[in-house]
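Hi everyone, thanks for having me. Please pull up the sequence and the model on your screens, and we'll walk through them together.

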Amino acid sequence: MEDHIVMALEIVKAQAGFRSMAAEEICAMVRSVSETIKKLLSDGKDMDSLHLERAAVDRAPKDNSIICLECLKPFKMLTHKHMATHGLTPDEYRAKWGYAKDAPLVCKSLQRLRRKKMKDIKLWEKRRKPLPESAAS
């Protein structure tokens with residue numbers, strides 16, 4: 001079997017492990033991923049570089065940790081201070097490793113906790129109440 005098909009099957013298998021997928025969806029995804037890998041290979045990338053890129057994606061934020069792709073150590077959050085040890089800013093790190101510009105560099109559980117706290121305190125509903133007219137003068 002060709003390398004791009006094998007890699008596509010591995011990727012789709014991993015995706016199917018995280019969510020339920022219909023048979024048609026799996027077939028369509030294998031075709032799509034396979035074609036994308038084939039195109040990347042025809043653009044001059046070799047299989048080793050594709051495996052490295054895939055490994056970087058595999059180390060994306062997990063539920064309880066995020067792996068620093070510079071030193072391969074797990075953290076709950078990648079801080080400015082840690083990025084400085086690699087001579088990078090968080091924005092440079094995101095650009096280097098292909099994260100979205102606004103992607104949080106924290107694990108999924110910490111994201112959920114922060115989201116829950118914000119919903120609990122309903123900060124957007126708390127408005128500054130105007131001072132009574134007698135206190136304003």
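Let's look at helix α2, on the face turned away from its buried side: there you'll find the exposed residues E24, R31, K39 and S42. Before I go on, please keep in mind that this is a predicted model.

So which residues of α2 are buried? They are V30, V33, S34 and I37. These buried residues span an arc of only 105° around the axis, which puts them on the same side of α2. As for the helix itself, α2 covers residues 23–42, so you can count 20 residues along it. From the first C-alpha to the last, α2 reaches 29 Å, close to the 28 Å expected at 1.5 Å a residue.

While we're on α2, find C27, which sits in this helix. Is C27 buried or exposed? Neither label fits, because its relative accessibility is 41%, and that counts as partly exposed. Now find L9 as well: C27 and L9 are 18 residues apart in sequence, and their C-alpha atoms are 9.5 Å apart in space.

Let's stay with cysteines for a moment. A disulfide is a covalent bond between the sulfur atoms of two cysteines. How many disulfides does a search of the whole structure find? The search finds zero. Take C68 as an example: the closest cysteine sulfur belongs to C71 and is 3.6 Å from the sulfur of C68, which is too far for a bond. The cut-off here is 2.5 Å between the two sulfur atoms. C68 is also buried, with a relative accessible area of 0%.

C68 brings us to the largest nonpolar core, which has 10 residues. They are I66, C68, L69, L78, M83, L88, Y93, Y99, A103 and L105. Try clicking on L105: leaving aside neighbours within four places in sequence, L105 is in contact with I66, M77, L78, P90, Y93, R94 and Y99. Apart from this core lies another one, of six residues, among them M7, V30, V33 and I37. You have met some of those names already, since V30, V33 and I37 are among the buried residues of α2.

Next, a residue in a loop. Where is S65? You'll find S65 in the loop between α3 (47–58) and β1 (66–67). S65 is buried, at 18% relative accessible area. Beyond its neighbours within four places in sequence, S65 is in contact with P74, F75 and C107.

One more helix, and then we zoom out. Helix α6 runs over residues 108–121, with 14 residues in it. The reach of α6 from first C-alpha to last is 20 Å, close to the 20 Å expected at 1.5 Å a residue. Just after α6 comes K122, with a positive phi of about 45°.

Now for the whole chain. It contains seven helices and two strands, and along the sequence they follow the pattern α-α-α-β-β-α-α-α-α. Of the 137 residues, 23% are buried. Among contacts with a separation of 6 or more, 46% come from residues 24 or more positions apart. The chain exposes about 10300 Å², and carbon and sulfur atoms supply 59% of that.

That's my tour, and thanks for listening!

How values were computed: Residues are numbered from 1 along each chain as its sequence is written. This is a predicted model: local features need pLDDT of at least 70, side-chain atom pairs count only at pLDDT 80 or more; totals for chains, interfaces and linings use all residues. Side-chain values use heavy atoms; hydrogens and water are left out. Helices (H or I, at least four residues) and strands (E, at least two) are DSSP runs, numbered from the N terminus. The expected span of a helix is 1.5 Å times one less than its number of residues. Buried means under 20% relative accessible area, exposed over 50%, partly exposed in between (1.4 Å probe, protein chains only). The arc is that of the directions from the helix axis to the C-beta atoms. Contact means heavy atoms within 4.5 Å. Accessible areas come from the Shrake-Rupley method with a 1.4 Å probe; for residues, only the protein chains shown count as cover. A nonpolar core is a set of buried Ala, Val, Leu, Ile, Met, Phe, Trp, Tyr and Cys residues joined through side-chain atoms within 4.5 Å.
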